[in-house]
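I opened the model today to look up a few points. My notes follow in the order I took them.

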Amino acid sequence: MSARTLPLLFLNLGGEMLYILDQRLRAQSIPGEKARKDEWTDVDRKRVMNDIITTMFNKKFMEELFKPQELYSKKALRTVYDRLAHASIMRLNQASMDKLYDLMTMAFKYQVLLCPRPKDILLVTFNHLDAIKDFICDSPGILNQVDETFRQLIETYSCLSAGEFQLIRQTLLIFFQDMHIRVSIFLKDKVQNSNGRFVLPISGPVPWGTEVPGLIRMFNHNGDEVKRTEFTTDGNYVTPQREGSFDLYGDRVLKLGTNMYSVSRPVETHMSGSSKNLASRAKENIVPNPLAKEELNFLARLLGGLEIKKPGGSETGFRLNLFTTDEEEEYA
């Protein structure tokens with residue numbers, strides 16, 4: 001298991017969380033002059049996004065995150081996102097938080113599976129951070145926080161070998177391997193089966209630095225090419241035009257990790273059989289088993305930078321619903 005996986009896992013899942021919250025906040029917001037006191041406005045949306053991003057990229061929090069360490073349990077990581085989602089005046093009930101986390105994890109799992117080469121997980125992370133910067137483009141102070149994390153990513157990961165990135169990818173896939181939650185967007189696009197497993201394409205661009213399959217070359221003991229044999233493939237492969245930029249600013253080329261909710265689309269989730277069993281076992285265990293000592297220490301350090309913002313004075317917290325109707329939420 002790679003000790004350099006946690007920052008990439010946290011930042012990409014956090015990026016997906018911000019995509020979903022932004023989409024739902026926009027869908028439920030009311031023009032300021034028409035809104036009642038208990039209704040969302042676009043000003044509230046920006047405030048929530050700013051508060052969460054500020055907390056997410058807190059300097060002390062990032063310092064703890066980037067320390068080499070093993071991945072911890074799903075329960076521990078979920079606790080971090082519960083705190084992060086409530087780092088503003090927004091409040092999510094348990095059903096909406098469950099749905100939010102399901103969408104986050106399945107989206108990033110799909111992106112990891114589709115990465116042409118392990119190193120491209122870094123480009124996926126950069127896509128998430130580029131989009132986060134767009135959310136807070138009018139807040140220079142928060143932008144500086146995100147740029148500092150960008151620099152930490154470049155400093156930490158630019159020198160890693162292909163083998164080390166492969167180990168990071170394997171660590172992420174092990175983390176996601178038991179999650180098979182069906183998501184309506186993926187089902188409608190036919191990239192996910194009814195059992196919650198993803199359908200991987202056999203066509204498209206090959207990884208940067210590799211050749212399109214279809215040719216076998218044979219060499220003699222001197223290293224001279226002596227024979228060529230061509231063969232046909234079932235896929236329609238193409239060579240990528242250029243490599244994505246790993247700089248602070250640049251064209252990432254890779255589209256994985258960009259905001260798939262930028263066009264309004266439904267985002268329902270449905271648990272497959274195995275996931276339902278895991279969830280039911282988790283709900284039976286309301287009082288969690290004691291976590292390992294080092295995991296508790298990790299959570300204590302990590303959560304130290306995550307302050308839950310309590311509404312001040314006469315201000316009340318706003319409730320965000322990730323379901324279409326209240327009846328749907330009650331059913332969940």
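I call a residue buried under 20% relative accessible area and exposed over 50%. The model is a predicted one, and I read every entry below with that in mind.

Cysteines. I checked C137 against the cut-off. Its relative accessibility is 54%, so C137 counts as exposed. I then looked up C115. C115 comes out at 6%, and therefore counts as buried. Next I asked how many disulfides a search of the whole structure finds. The search returns zero.

Helix packing. I turned to α1, residues 6-28, and α7, residues 140-157. The two helices pack at an angle of about 145 degrees. Their axes lie 12 Å apart. I noted the crossing of α1 and α7 as left-handed. Which residues make the contact? From α1 I listed P7, L8 and L11. From α7 I listed T149, L153 and Y157. I sorted the residues of this contact by type: five are nonpolar, one is polar and none is charged.

Strands. I moved on to β4, residues 215-219, and asked how it runs relative to β5, parallel or antiparallel. The two strands are antiparallel, and five bridges join them. Across the pair, I found R217 opposite R228 of β5. The hairpin of β4 and β5 has five residues between its strands. There I picked out G223, with a positive phi near 85 degrees.

Last, I looked at how well β5, residues 225-230, is covered. Hardly at all: of its six residues, zero are buried.

Methods: Residues are numbered from 1 along each chain as its sequence is written. This is a predicted model: local features need pLDDT of at least 70, side-chain atom pairs count only at pLDDT 80 or more; totals for chains, interfaces and linings use all residues. Side-chain values use heavy atoms; hydrogens and water are left out. Axes are lines fitted to C-alpha atoms, for helices over the stretch in contact, and angles run from 0 to 180 degrees between N-to-C directions. Helices (H or I, at least four residues) and strands (E, at least two) are DSSP runs, numbered from the N terminus. A crossing is left-handed if the near helix is turned anticlockwise from the far one by less than a right angle, and right-handed if clockwise. Contact means heavy atoms within 4.5 Å. Ala, Val, Leu, Ile, Met, Phe, Trp, Tyr, Cys and Pro count as nonpolar, Asp, Glu, Lys and Arg as charged, and the others, Gly among them, as polar. A disulfide is a pair of cysteine sulfur atoms within 2.5 Å. Buried means under 20% relative accessible area, exposed over 50%, partly exposed in between (1.4 Å probe, protein chains only). Two strands pair if DSSP finds at least two bridges between them.
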